[in-house]
Amino acid sequence: MTYLSTDSLSKSFGLKPLFENITFGISKGDKTALIAENGTGKSTLLKILAGKETADSGEVMVRNGIRIGYLEQEPELDEHLTISEFISQGHSDTGKIVRAYEQAANAQAENYNDETAAAFEKAIAKMDAANAWGYEQRMEQILGVLNIHNLEQSISTLSGGERKRVALAFVLLDDPDLLILDEPTNHLDVEMIEWLEAYLEKSTTTLLMVTHDRYFLDRVCTHIIEMSDGELYHHKGNYQYFLEKRAEREAVRQTELAKAGQLFKQELEWMRRGPKARTTKSKSRIKAFYETKKKAQDNSPDSEMRLETTMSRMGKQVLEVKKITKKFDDLVILDEFSYSFNRGERIGIIGKNGAGKSTFLNILTGDEPVDSGEIITGETIVFGHYRQQGITIDEGMRVIDIIKDIALVIQLADGSKISASQFLEHFMFTPEMQYTPAEKLSGGEKRRLGLMMTLIKNPNFMILDEPTNDLDLQTLQKLEEFLEGFGGCLIIVSHDRFFMDKLVDHYFVFEGDGNILDHHGTYSEYRELKLLEDQQKKREQKSEITAAKTKPKSAETKKSSEKKLTFSEKKELTKLEKEIAKLEEKKAEIEKQMNIGGLNYEELQEKAAEYKSTEDEIDEVTLRWLELAEKA
């Protein structure tokens with residue numbers, strides 16, 4: 001069943017065509033990623049599909065009854081609303097039932113009478129009929145994971161990253177038939193990304209998204225649509241499969257180019273003969289010559305970015321921090337942290353949003369003072385600091401003039417020199433783009449320009465704070481190649497796990513409360529260690545639950561604890577009791593199916609896994625029930 005399709009869709013930005021005659025479809029259950037270079041209109045295409053913009057020509061067709069949820073790259077939210085009010089605007093029927101239940105519960109708590117009691121009972125019945133108790137739990141889970149806690153906070157006070165997370169929570173909770181996501185991992189920390197990755201992987205929602213996160217692409221998507229050189233290529237498989245097929249296509253293209261080059265040489269000799277040698281019967285051959293010439297001179301749509309700039313000389317003393325401490329009120333960023341950086345060291349920094357990663361980088365460069373401790377910077381150290389918010393540029397200036405303001409000529413590591421224009425070409429700015437005002441660039445192109453402005457200063461200590469946001473996959477691969485050849489110190493803060501694993505040797509993990517773990521190995525290895533720790537904690541919690549279940553509890557103690565519960569907690573306690581009962585029934589049913597016999601080995605394995613999962617869920621819910629029941 002096709003949910004959405006396009007027919008000959010075209011869109012231009014001024015005189016620049018973004019895409020022309022795009023035709024494709026999204027079927028039920030597809031998890032599709034759209035891959036294309038920056039500036040080719042990916043975000044514009046998603047806006048058109050979501051009905052936020054119109055195409056110049058062509059048609060978008062959406063199946064009747066299909067609800068579309070859309071997450072913009074930079075969401076625009078109503079400044080006058082609170083988070084709660086914004087989320088309550090959803091179109092989900094289940095969401096409306098839950099909101100009606102909450103209103104009835106609050107009304108009964110504020111003014112208990114026969115009318116409010118009857119309304120509350122009616123709301124409970126609707127919750128039961130719609131099986132909506134799980135929605136409330138799902139809402140709490142999504143908001144909690146995305147670090148959204150104060151629902152009465154005004155949207156006008158939120159940062160760009162917080163707005164993105166609120167908008168993401170909204171589209172997930174609304175549970176649309178087709179989910180369109182534009183760079184959903186931007187402004188999420190790695191734990192949030194991994195949760196979203198698992199959530200979308202398990203979800204049956206049909207998905208279309210643009211993202212540069214290659215681990216995310218590989219684990220979530222089953223269909224890749226590639227926009228390249230005005231053509232659409234479909235790849236039924238994950239990102240790894242797409243890479244293989246694109247490499248095969250490029251190999252075929254290079255073979256064709258080589259053959260065209262040989263043929264071009266032969267035809268050129270014929271064309272250089274005198275006019276008498278070219279009769280009117282040869283017009284078709286002359287036409288074929290110009291077609292061959294065009295093909296032979298088509299080097300590649302991928303401009304090269306392989307260059308090594310001259311790096312400022314680095315002495316023996318690099319950078320040393322001694323027992324530095326930094327706090328913001330009760331938030332501890334660093335607690336007597338000491339470290340001596342070595343020449344050529346490559347460090348990745350990870351941790352939850354708000355843990356102080358960007359503050360730490362500003363401390364290293366001297367842009368942020370410490371509360372105590374000492375920072376010793378080598379005399380030869382030249383910092384190149386690319387900040388998370390990018391670099392401020394004069395939007396009215398042309399791209400070429402912005403670079404020329406920093407340097408007219410750039411000296412390379414081999415002693416040769418290139419012009420500012422040649423340097424721009426290395427970073428995939430065509431001659432036409434170089435004379436374009438910066439305001440005409442896409443978000444990814446502006447970030448690419450900002451990175452250039454950092455690299456062109458020839459630093460020997462590079463600090464990159466979220467450099468991958470809004471960059472296309474091609475630029476990311478080229479940037480990785482450049483940084484792999486960088487000989488100075490490199491510190492990277494990024495939520496892009498693939499990018500980090502490829503470039504850094506070890507990680508500073510900001511664990512909170514000023515604790516920084518120095519992990520030597522890849523991010524994937526760190527996550528495996530964390531999973532083992534989490535499993536151990538879960539086993540310990542299970543032991544506590546078992547002990548608590550067998551521990552006698554007097555009626556007087558239980559009555560006393562319930563008296564001290566808030567109305568919200570009493571409501572949760574009632575819900576948890578129902579949930580435990582349902583889960584126990586489910587567990588008994590699975591056990592019954594396993595004991596009947598007749599299941600083959602694979603089916604038995606599936607039932608055993610389902611039984612274990614249900615048992616774990618019972619333990620988790622029971623633990624929360626015990627916390628509330630024992631509250632004094």
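Leaving aside its neighbours within four places in sequence, which residues is Leu200 in contact with? I would like to begin there, with the reminder that what we have in front of us is a predicted model. The residues that Leu200 contacts, once those sequence neighbours are set aside, are Lys31, Leu172, Leu179, Leu181, Leu207, Phe216 and Val220.

Leu200 is also one of the residues with the most contacts inside the largest nonpolar core, a list that it shares with Leu217, Phe429, Leu449 and Leu483. That core has 95 residues, and the element that gives the most to it is helix 6, with 8 residues. Apart from this core lies another, of 26 residues, which includes Ile347, Ala355, Leu361 and Ile381. As general background, nonpolar side chains in soluble globular proteins tend to be buried together.

To put these cores in the setting of the whole chain, 45% of its 632 residues count as buried, and its secondary structure comes to 21 helices and 20 strands. If we take the contacts between residues at least 6 apart in sequence, 69% of them join residues at least 24 apart.

Let me turn now to the helix packing, and begin with helix 6, residues 160-174, and helix 7, residues 190-202, whose axes come within 14 Å and cross at roughly 15°. With that angle, helix 6 is roughly parallel to helix 7, and the crossing of the two is left-handed. On the helix 6 side the contact is made by Arg165, Leu168 and Leu172, and on the helix 7 side by Met192, Trp195, Leu196, Tyr199 and Leu200, so that we meet Leu200 again here. By class, the residues of this contact divide into 7 nonpolar, no polar and 1 charged.

Helix 6 also packs with helix 5, residues 133-145, at an angle of about 160° and with the axes 10 Å apart. This makes helix 5 roughly antiparallel to helix 6, and the crossing is right-handed. Here Tyr135, Arg138, Met139, Ile142 and Leu143 of helix 5 meet Ala169, Leu172 and Leu173 of helix 6, and the division is again given as 7 nonpolar, no polar and 1 charged. Leu172, then, takes part in the contact with helix 5 and in the contact with helix 7, and it is among the residues that Leu200 touches.

And how does helix 5 pack with helix 3, residues 93-110, that is, at what angle? The angle is about 90°, with the axes 9 Å apart, which makes helix 3 roughly perpendicular to helix 5. From helix 3 the contact draws on Thr94, Gly95, Val98, Arg99, Tyr101 and Glu102, and from helix 5 on Trp133, Tyr135, Glu136 and Met139; these residues divide into 5 nonpolar, 2 polar and 3 charged.

I will finish with two points of backbone geometry. Asp329, in the loop between strand 10 (319-328) and strand 11 (331-341), has a phi near 55°, a positive value in a residue other than glycine. Glu466, in the loop between strand 17 (461-465) and helix 16 (473-484), has a positive phi as well, near 50°. Is each of these side chains' residues buried or exposed? Asp329 counts as exposed, at 78% relative accessibility, whereas Glu466, at 10%, counts as buried.

Note on methods
Residues numbered from 1 in each chain as written. Predicted model: local features only at pLDDT ≥ 70, side-chain atom pairs only at ≥ 80, totals over all residues. Heavy atoms only, no water. Axes fitted to C-alpha atoms, helices over the stretch in contact; angles between N-to-C directions. Helix = DSSP H or I, 4+ residues; strand = E, 2+ residues; numbered from the N terminus. Parallel < 35°, antiparallel > 145°, perpendicular 65-115°, else oblique. Left-handed = near helix turned anticlockwise from the far one by under 90°. Contact = heavy atoms within 4.5 Å. Nonpolar A, V, L, I, M, F, W, Y, C, P; charged D, E, K, R; others polar. Core = buried A, V, L, I, M, F, W, Y, C linked by side-chain atoms within 4.5 Å. Buried < 20%, exposed > 50% of the residue type's maximum accessible area, 1.4 Å probe, protein only.
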